[in-house]
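Hello,

Here is the structure I promised to pass on. Have a look at it first, and then read my notes below.

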Amino acid sequence: MNRLYNSMKPRVMDNNMLKLAVGEQGPRQEAGQLAKQEGILFKDVLSLQLDFENILRIDNLWQFENLRKLQLDNNIIERIEGLENLTHLVWLDLSFNNIETIEGLDTLANLEDLSLSSNRIAKIDSLDALVKLQVLSLGNNQIGNMMNIIYLRQFKALRTLSLSGNPIAEEEDYKMFTCAYLPDLVYLDFRRIDDHMAKLAAIKHQYSIDDLKHQENLTQARREDEQARQEDLEEHKAAFVEHLNDSFLFDSMYAEDIEGNKLGCLPGVRELFETYKDKFVIICLNIFEYGLKQQEKRKAELDSFDECIQEAIQDNQAQGKYRIAQFEEKHLLSLSAIRDESELINIEKKIEEYSEDITELFNVLMTLEMQLVEQLEETINMFERNIIDLVGLFIENVQSLMAQCRDLENHYHEKLLETSINTLEKIVKGELEEDLPDGLRALFVNKGTIVNAVGASHDIHLLKIDNREDELVTRINSWCTNLVDKIHKDEITRNRKRVKEINQYIDHMQSELDNMEGSDIID
C-alpha cells in the first residue's frame, strides 16, 4: 500500500515542527505549563509522535539523543535517513510511507521493535546492526523472494514477524517455510505459531535446514577466526610489532624488487636465499616476542601508576569529607545558636566566629588539595621517567636487532654480487652449463649492468628495513609523548575542577551566612 501526496504541501521536519510536537506531547497540568514556559530540551525527550504530518524527509532529529520511541507512520517519507544519532531508540514506526529500501539503521543497535509495513519494500536487508530486534512488521510491501526469510535467521531475539500482504505470503509453503527456518518465532502475521505446525515444518524442511546450519556453522567459525585475528593484530599494534611474527617484512622487501627476484634464479643462489630468509625471519620473531614482553611491562607500569593515583585521590577525598562532615555538624549548631540568640552583640560575635570557621575550612581544604597536587606531581614525574626509560630501552634493543637484519642483508648482497660476477665471467668464457631465463640473461650485458642490478635490489631491501624501524620508533615515541601529555592535562583538569568545587561549597556557606546577617535576626 502506497501513501499518496495529498492536497497538503509536503513537509520537511524543522525545529518549529519539532518544538510544537514536543510541547503538545509534553507533561500536562502544572508541570506542563512550566515546561511550556521554560521550554523542553530535545535531549530530555524520550518519546516523539509525528504521524499524519505529511512529512517528506526525516531531518533535524540529532538533538533527540536519548529518544526511546519514534512514531513517523502515515507520512510520505521516501528514505530512511537522519536517525544516526538516535542510538537509544527502542521502538520505531515508519509504516504507511513511500519507502523502497531499508537503509539508515546501522547505528540503532538497541532497536527492539521496527514497523515498516505498508511501504514499497521488495527486499529485507541492511538490518544486520539490529541485534536486539524482537518485533518486525513488514506487511503490505512488495517482498516476493523466500530467501528474505533465511536472511532473518541471524536475529536470535526475533519473536514476532508480520509479512502478510506481500507476494511471499501467497506462496503455498509460506507458513511452513517460515516456521521451519525461523524456529524461535512465536507470532507470525498476528497469530501464535502452534507447536504442531512448528514440528511439521521442522520435519518437512529438515534436510535443507541441516545443510543450512552446516554452512552457518562454517561461516560463524570463519567469522570467529577473523575476529580473533583482528584482536591479535590490535594487540600486536599496541606493542608496535605487528606483522613481525612471520615473513611479512622479508616478503615486502621482494614485493617490488624485480631484479632481486630475477637474480634469485642464478645457480647456487636459491640455497643462499633460503638461509638468508630463515635467519632474517628469526630476528623478526625475536623483535616480535621482545615487543610483546615490553608491552606487558609498559602496561604493568601504567596500571601501577593508575592505582597509585586513584589511591592518593581517594585518601585525600576521605580526609576532605571528614573535615567537611565535622564542619557541617558544627554548622548546624552554629546556625541554631545564632537564631536562638537575642542579644545583638552576641549575634555579631557568633556570626564572626562562624565566618572564621568557614575561612578555616577553606584553608584546610585548599591545603589538602595542594598536598595532593604535590603528591601526584611526584608520582607523575616518577612514572614519566620510568615509561621513558622503558620506551628508550625498547627502542635501543629493537634498533640493535634491526642492525642484525641489515648485517644479514649486507652479507647476502656481497654473496649475490660475487655469484653474479662469477656467472658473468662464465658466460663470457662460454663455460656456463645452466640455461638462464631470458629475463635474467638480459641483465648480464656487462659488469656494470650486473653491479647496478644487484645494488638496486640491495637498496630496496635496506629501505624497507629502515622504514619499518623508523615507523616503530616514531609510533612508540608518539605514544609515549601523547600519554605523558594526557596525564599532565588530566591532572590540571582534575585540580581545576576540585578547586572550583571547594570555592562553590565555601561560597554557598558564606552566602548562607550573609543572608542571615541581612535577615530579621539582626533587625
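Asp194 caps the N-terminal end of helix α5, with one of its side-chain oxygens 3.1 Å from the backbone nitrogen of His196. Please keep in mind as you read that this is a predicted model. The capped helix, α5, spans residues 195-204 and is hardly covered: of its 10 residues, the count of buried ones is one.

What does α5 pack against? Helix α4 (residues 174-181) packs with α5 at an angle of about 85°, and the two axes lie 8 Å apart. That angle makes α4 roughly perpendicular to α5, because values from 65 to 115 degrees count as such. On the α4 side, the residues that meet α5 are Met176, Cys179 and Ala180, and their counterparts in α5 are Met197, Leu200, Ala201 and Ala202. Sorted by class, this contact has seven nonpolar residues, no polar ones and no charged ones.

Now for the sheet. Eight strands make up an open sheet with mixed pairing, and their order is β2-β4-β5-β6-β7-β8-β9-β10. The edges are taken by β2 (47-49) and β10 (191-192); each has a single partner strand, so one side of each is left without a neighbour in the sheet.

Within that sheet, one pair you may like to look at is β7 (residues 135-137) and β8 (residues 160-162), which run parallel and are joined by three bridges. If you want a place to start there, try Val135, whose bridge partner in β8 is Thr160.

Happy browsing, and best wishes

Conventions. Residues numbered from 1 in each chain as written. Predicted model: local features only at pLDDT ≥ 70, side-chain atom pairs only at ≥ 80, totals over all residues. Heavy atoms only, no water. Buried < 20%, exposed > 50% of the residue type's maximum accessible area, 1.4 Å probe, protein only. Helix = DSSP H or I, 4+ residues; strand = E, 2+ residues; numbered from the N terminus. Polar contact = N/O pair within 3.5 Å; in protein donor to acceptor, adjacent residues only side chain to side chain. Pairing = 2+ DSSP bridges. Axes fitted to C-alpha atoms, helices over the stretch in contact; angles between N-to-C directions. Parallel < 35°, antiparallel > 145°, perpendicular 65-115°, else oblique. Contact = heavy atoms within 4.5 Å. Nonpolar A, V, L, I, M, F, W, Y, C, P; charged D, E, K, R; others polar.
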